[in-house]
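Colleague: Could you walk me through the charged side-chain pairs in this one?
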Amino acid sequence: MITIDNYLDSHFIHRSNWLRAAVLGANDGIISISSLAIGVATASSAREPILLATVAGLVAGALSMAAGEYVSVSSQTDTETADIQREEKELQAMPEVELNILAQIYERRGLKKETALQVAKELTEADALGTHIRDELGINEISKANPIQAAIASGAAFTAGGVLPLLVTLFSPVKNMEYFLYGFTILSLVILGAISAKTGGSVVKKAILRIVIWGTIAMLLSALVGYLFGVNL
């Protein structure tokens, strides 16, 4: 039976927080590690320097992504908490002003002035702070930041994405390795774009095109750096 409690469960918006972090992590893992390996491969005739750079980049990148995601999302959470505390104080200090603001919000959404005021009064009586958090600040359970979830999703996804080019550096021929890396990376990005689009309910072709174009640019620039500044290692 469909009710208000389970109606939104199947909607894609519930996946937005962890999906954004996971796609960012996997995309960064694939592109950055591939770009790093390509840059070193164009300047090296031995496998060892390429492997060393790839493994070091994978470990450092995964930790950096997880830490960075945690710090950035925690900052968002701190901002949300500060605004909630401020709203709580304003409700205590000037309840009438806050009520009128709430009524104006509903009026701008299309309700008549009298109806908007009545709705504001009833919701204020039921849960004043919760109503202002949701309708004035725009914070709800779906959009609320989760630092731990974002950090785990981003770090794990980066590792999963970065392992793919690492396998190429392990098993592909050293000569012309950059071409193997490029081809395998493009294939990985196509798969990632399709999975992320399907999971998030977006257009598959658009997601694939976007991720492949930017991935190609990053790898070509890295290869250029390797050619310009590379030495025989």
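Modeller: Here is a look at the salt bridges and their surroundings. This is a predicted model, where local features need pLDDT of at least 70, side-chain atom pairs count only at pLDDT 80 or more, and totals for chains, interfaces and linings use all residues. Residues are numbered from 1 along each chain as its sequence is written, and side-chain values use heavy atoms, with hydrogens and water left out.

Colleague: How many salt bridges does the search find?
Modeller: Three turn up in the whole structure, a salt bridge being a side-chain nitrogen of Lys or Arg within 4 Å of a carboxyl oxygen of Asp or Glu.

Colleague: Where do Arg-86 and Glu-90 lie?
Modeller: Both sit in helix H2 (residues 47-93), four residues apart, about one turn of the helix; helices here are DSSP runs of H or I with at least four residues, numbered from the N terminus. Their side chains form a salt bridge at 3.2 Å, N to O.

Colleague: And is Glu-90 buried or exposed?
Modeller: Glu-90 is buried at 17% relative accessible area, whereas Arg-86 is exposed at 53%, where buried means under 20%, exposed over 50% and partly exposed in between, with a 1.4 Å probe and protein chains only.

Colleague: Switching topic, what does Arg-109 pair with?
Modeller: Arg-109 forms a salt bridge with Asp-135, with 3.6 Å between the closest N and O atoms. Arg-109 lies in the loop between helix H3 (95-108) and helix H4 (113-135), and Asp-135 in helix H4, so the pair ties together parts 26 residues apart in sequence.

Colleague: Which residues share that network?
Modeller: Arg-109, Arg-134 and Asp-135 are joined into one network by salt bridges that share partners, and the Arg-134 to Asp-135 contact is 3.5 Å, N to O.

Key. Helices (H or I, at least four residues) and strands (E, at least two) are DSSP runs, numbered from the N terminus.
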